[in-house]
Amino acid sequence: MKSIKEVKDLKGKRVLVRVDFNVPVGDDGVVDGKEDWRIKAVLPTIKYLLEKEAKIILMAHLGRPDGEVVEKMKLGPVQDRLSDLLDLSITRTPDCVGDIVSEVVDEMQAGEIVLLENLRFHQGEKRNDEEFAEKLASIADIYINDAFSVSHRAHASVSAITKFLPSYAGLLLEKEIKILSDAVSNPKSPATIIMGGAKAKTKLPVIKFLMNKFDHILVGGVVANVILKAKGIDVGESMIGDIDLEDVKKIDLDNKKLCIPFDVIVCNSKIKKVEVSSIGEMGDEKILDIGPDTEEVYSKIIADSKMIIWNGPMGKFENEKFASGTRKVAEAVVKSKGYSIIGGGDIITALDQFGYLDEVDYVCTGGGAMLEFLAGGKMPGIEALK
Ligand code: ADP
Ligand code: MG
């Protein structure tokens, strides 16, 4: 994989950069300081290109417009925020391909920034369509991928496009890959993985893949529910999601490294009665958080860890009644001297809410991409740069 730093002369070159600006815009139509961390993450690459006096053409997606133009998913709020952060004016094109884009780019001066409109307004993006990729590429001299978080998808702007332009990794992509590969190939012992959240299907492969390399695996959320159930323990009406328990059983569930909650916060269907319960006495109730004794055990392990990777909350933290597990674990993570890496949309929201986000050592921009990487999978966007 070649780095942007290897390009000798960037002055005046048209550099097309895939970034991740998929930020929560909200009803106010404004990206504020609590919603802009993805934009901030890519600033080093933009500033590097500014310094080198390149012509910077940024491309990104927002939301899931499914190949149609959706007014609310236009990149205006992103343009405004980026412009504020850089204190520079930024031109946005009404589309990401076509004559209008070529005209704007033809007029560009060195050191200027153009933001192309939402890539996903075109079907070709998600389909990894070569014709679409060629059109994107036609306006540039060099392509840079700085969007780790979408690199696990074979989409035109990260995969097919590399067939048409000399392609390089941006500073952020490089950094994320370096941090994650170092963490996986050489975890500082004792190393701990914390896995929670709802999408168990994407998280279990990480547990399976890293079980031998890591010392502790702490689970919560639906990931824990699924493991409990696979072990034959009653989880009542707890959420399981679309998971095949036979797949779960392929993991060494009796391995001592795997820590499962032994007390939990449960409630009945109407959330009227919330109480602490031991595992295995469920009836028609469901598990919505880890219990206080489990919190304590997890916190001790985290305190002694030299490295911690965390994805997914311990409970349904959006409701304060079920936020304690995630909060206590977060507290332990930021207090621990161990190097902490977190990733995942919801866990980042949770830590931000608790005021702990700035104290984490590394916040990965990709949730799904981070999991894919940690599970040893090949990522189309990264393979395409090789
Ligand atoms: P992340 O975005 O951090 O990777 P996920 O998207 O996998 O995490 O899951 C986050 C969601 O999981 C949250 O909305 C949270 O409410 C939910 N969740 C966590 N624990 C439970 C539980 N025990 N029962 C139901 N939902 C849960
Ligand atoms: Mg999520």
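Let me begin with the fold: six strands form an open sheet, paired in parallel, in the order 3-4-2-1-5-6, where strands are DSSP runs of E with at least two residues and helices are runs of H or I with at least four, both numbered from the N terminus, and two strands count as paired if DSSP finds at least two bridges between them. Strand 3 (91-92) and strand 6 (167-169) stand at the edges with a single partner strand each, so one side of each has no neighbour in the sheet.

Before I go on, I should say that this is a predicted model, in which local features need pLDDT of at least 70 and side-chain atom pairs count only at pLDDT 80 or more, while totals for chains, interfaces and linings use all residues. Residues are numbered from 1 along each chain as its sequence is written, chains are lettered from A and ligands numbered from 1 in the order in which they are written, and side-chain values use heavy atoms, with hydrogens and water left out.

Back at the edge of that sheet, strand 3 runs parallel to strand 4 (residues 113-115) and is joined to it by two bridges, and R92 has L115 in strand 4 as its bridge partner. Helix 2 (residues 43-51) packs on this sheet, touching strand 1 (14-18), strand 2 (55-59), strand 4 and strand 5 (142-145), and its direction makes about 155 degrees with that of strand 2; contact here means heavy atoms within 4.5 Å, and angles, from 0 to 180 degrees, are taken between N-to-C directions of axes fitted to C-alpha atoms, for helices over the stretch in contact.

There is also an open sheet of six strands with the order 9-8-7-13-14-15, again with parallel pairing. Its edges are strand 9 (258-259) and strand 15 (362-363), each with a single partner strand, so one side of each is left without a neighbour in the sheet. Helix 11 (residues 292-303) lies across strand 7 (191-195), strand 8, strand 9 and strand 13 (307-311), at about 145 degrees to strand 8.

Finally, what surrounds ligand 1? Of the 19 residues around ligand 1, A198, K203, E318, D346 and I347 come nearest, where being near means having a heavy atom within 4 Å. A backbone N or O atom of I347 lies 3.0 Å from an oxygen atom of ligand 1, and taken alone ligand 1 exposes 580 Å², of which the protein buries 91%, with areas from the Shrake-Rupley method and a 1.4 Å probe. Helix 13 (345-354) is among the elements giving two or more residues to this shell, and its three residues are the largest share.

Notes: A polar contact is a pair of N or O atoms within 3.5 Å; within protein, one must be able to donate a hydrogen and the other to accept it, and residues adjacent in sequence count only if both atoms are side-chain atoms.
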